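Colleague: I am new to this one. Can we go through the terms and see what each rests on?

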Amino acid sequence: MAEPVIAVQTVSFAADHRGVCLRPVIFKFFAENGIKTIDRGTDSEDPVDYPIYAQRVARDIVEGASDFGVLVCGTGTGMAMAANRFRGIRAAIATNSEMAEFSRRHGHANVLCIGSRWQAPNETLAILHSFFFTPVENGRHARRVRLLDVEGFAVNDLAQNDPEIFAAICREGKRQEEHLELIASENFTSQAVLDAAGSVLTNKYAEGYPGKRYYGGCEFVDEVEQIARERAIQLFGAEHVNVQPHSGTQANMAVYGAVLNPGDKILTMALSEGGHLTHGHPKSLSGRLYTVFHYGTDPQTRRIDYVSMEKIAQRERPKLITVGASAHPRTIDFERVAKIAHGCGALVMADIAHIAGLIAAGLHPSPIPHCDFVTTTTHKTLRGPRGGIIFCRKEFARAIDASVFPGNQGGPLMHIVAAKAVCFFEALQPQFRRYQEQVIKNAKTLAESLISQGFSLVSGGTDNHLILVDLRGNLPSLDGHSAQRRLERANISLNRNTVPDETRSPFETSGLRIGTPALTSRAMGEMEMVQIGALIGELLTSPSPDDRVTSVRQRVLDLCRRFPLPYAHHER
Ligand SMILES: *Cc1c(COP(=O)(O)O)cnc(C)c1O
């Protein structure tokens, strides 16, 4: 017999109790044509639910375990409906061999659905033969098939008009799917957030604020921004919010711009102690515009050193104190910082970029009742689109709004404002608290796993979503950069970080920062954290790590397959 025209490598097969009668003839066809088969059941006439069987086959294909599928039920329709819910699946019903042929030729079908009610065994053979021996036609058919495969008009156009960028986006989607994301500042948004962020609102100019815009046609984006504000206030309980900052950096700069003049004194935590660039780093505009003093962490406990903060504040009389961090694993006492600031006539800004989700869920004390300004990103633990927001007391509302626009920004990104509103809506649901609880449990479990393997953690553990490993503890010759690259080869993503009392350059570093928000969004729990801790330990402590990379990577891929992303990435 001739080779199948299509490059058949593996076919997944499933039938329900009505389709099981065609198993023998179908498997005979596979065997005779040298087609490798994954058998997904069922093998008896006991009633079963067809969607589950269709889903098994669809999953095999989407995940790359097989190239094609064959599904049989009474009519073929139930199987086709279930399979076609998966992006990348093109399941076609064929009741005769011409239908099978054209489903391949024009439709590029990758799943053949057969109804046992209509098909005798010899007709089934003819259908299988047509399906597996018909090549696909490209040209206009390929274009139409592409239009089937991807969601939304914008993406369809992208696939068609800019295949280069579309392909890069697809590759990034696959990278996200196949890596263990432990970068503490990253997360996976819902499909709903992605939909809002990719919406037509990107076309709208809306300089100004709801009800007071400098452009016409703003009635609907006004609704969007008003809803975003109301939800943010409901979530965090503040007096005023500005949802327009493009990023956490823009939010911080807008607060500075609202209350400081160039040269004014600010007191902040240094980058090397866990602070952020926008907290007065010399390379940031914040460091160039203002006179910066730093407080740090206590050398014993590695908690924020409130005593020295107060001393410096009393001595220097800064106009503003900032508190908040990018790499601090412990609870922050915002109330105490506010007391210190107000005690010496300073204003206080809490930057909760990393822990906003924990605060929204009530799992970390909120700075809102104590601090004059609270800024955050929306894309870290809060799990929304890339962006920033500012909360403040009523008395500062006008100054903050004016500092965002026209002070620091032009037109707001209304599609992102909409996505922020969706994010706040999601964060107001009861399951968001459960998610954040799991984020913390996962971080603690991962921390324990690392400690039990001899790693030393800055501050000895974690209260929140992140862990800071000081490699100098058990692996003094391994620097952060090398460790990061080694883990990356096994599809484990995290980032190197300076640690307090850093002895290496900021490029090399002695630390690793590890966070659990993203993996928790993939529904991973404590059991997986123990496994991941062991994988990290295996790669970092092995005397011959190169020999371990392949096997660790395999186990990473298995985990990723078992815990799909909360959104579907585009299949090419
Ligand atoms: C991430 C972060 C920011 C800045 O966020 P961008 O959106 O990247 O500008 C500001 N402050 C802290 C503490 C952060 O962790």
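Modeller: Start with helices. A helix here is a DSSP run of H or I with at least four residues, numbered from the N terminus. By that rule D222 lies in helix α10. Keep in mind that this is a predicted model.

Colleague: Why is D222 called buried or exposed, whichever it is?

Modeller: Buried means under 20% relative accessible area. D222 has 16%, so D222 is buried.

Colleague: What makes the pair of G211 and D222 a polar contact?

Modeller: The cut-off is 3.5 Å between N or O atoms. The backbone nitrogen of G211 lies 2.9 Å from a polar atom of the D222 side chain. That value is within the cut-off.

Colleague: What makes E225 and R213 a salt bridge?

Modeller: A side-chain nitrogen of Lys or Arg must be within 4 Å of a carboxyl oxygen of Asp or Glu. For E225 and R213 the N to O distance is 2.8 Å. The pair links distant parts of the chain, with E225 in helix α10 and R213 in strand β8, 12 residues apart.

Colleague: How do you know whether E225 and R213 are buried or exposed?

Modeller: Use the 20% limit again. E225 has 1% relative accessibility, so E225 counts as buried. R213 has 15%, so R213 counts as buried too.

Colleague: Why can such side chains pair at all?

Modeller: Side chains of opposite charge can pair when their charged atoms come close. By the salt-bridge rule, the count comes to 25.

Colleague: What separates K28 and E32 in helix α1?

Modeller: About one helical turn, because K28 and E32 are four residues apart in helix α1, residues 23-32. Their side chains meet in a salt bridge at 3.5 Å, N to O. Both K28 and E32 are exposed.

Colleague: How do you know that K265 and E316 form a salt bridge?

Modeller: Their closest N and O atoms are 3.1 Å apart, and the limit is 4 Å. This pair also links distant parts of the chain: K265 is in strand β10 (residues 265-269) and E316 in helix α13 (residues 306-316), 51 residues apart.

Colleague: Why do K265 and E316 get the labels they have?

Modeller: Partly exposed falls between 20% and 50%. K265 has 31%, so K265 is partly exposed. E316 has 17%, so E316 is buried. Elsewhere, salt bridges that share partners join E101, R105 and E137 into one network.

Colleague: Why is Y214 called buried or exposed?

Modeller: Exposed means over 50%. Y214 has a relative accessible area of 56%, so Y214 is exposed. Y214 is found in the loop between β8 (212-213) and α10 (219-236). With Y205 and Y215, Y214 makes a nonpolar surface patch of about 360 Å².

Colleague: Now the ligand. Which residues come nearest?

Modeller: G248, T249, S326, D351 and K380, of the 13 residues around the ligand. Helix α11 (residues 248-259) gives the most to the shell, with three residues. By class, the shell has two nonpolar, nine polar and two charged residues.

Colleague: What makes T249, D351 and K380 polar contacts of the ligand?

Modeller: The 3.5 Å cut-off again. A polar side-chain atom of T249 lies 2.6 Å from a ligand oxygen. A side-chain N or O atom of D351 is 2.5 Å from a ligand nitrogen. For K380, a side-chain N or O atom is 2.8 Å from a ligand oxygen. Taken alone, the ligand exposes 380 Å², and the protein buries 86% of that.

Notes:
Residues numbered from 1 in each chain as written. Predicted model: local features only at pLDDT ≥ 70, side-chain atom pairs only at ≥ 80, totals over all residues. Heavy atoms only, no water. Near = heavy atom within 4 Å. Polar contact = N/O pair within 3.5 Å; in protein donor to acceptor, adjacent residues only side chain to side chain. Areas by Shrake-Rupley, 256 points an atom, 1.4 Å probe, with all protein chains shown as cover. Helix = DSSP H or I, 4+ residues; strand = E, 2+ residues; numbered from the N terminus. Nonpolar A, V, L, I, M, F, W, Y, C, P; charged D, E, K, R; others polar. Patch = residues over 30% accessible without salt bridge, like charges linked within 9 Å, V, L, I, M, F, W, Y side chains within 5 Å. Buried < 20%, exposed > 50% of the residue type's maximum accessible area, 1.4 Å probe, protein only.
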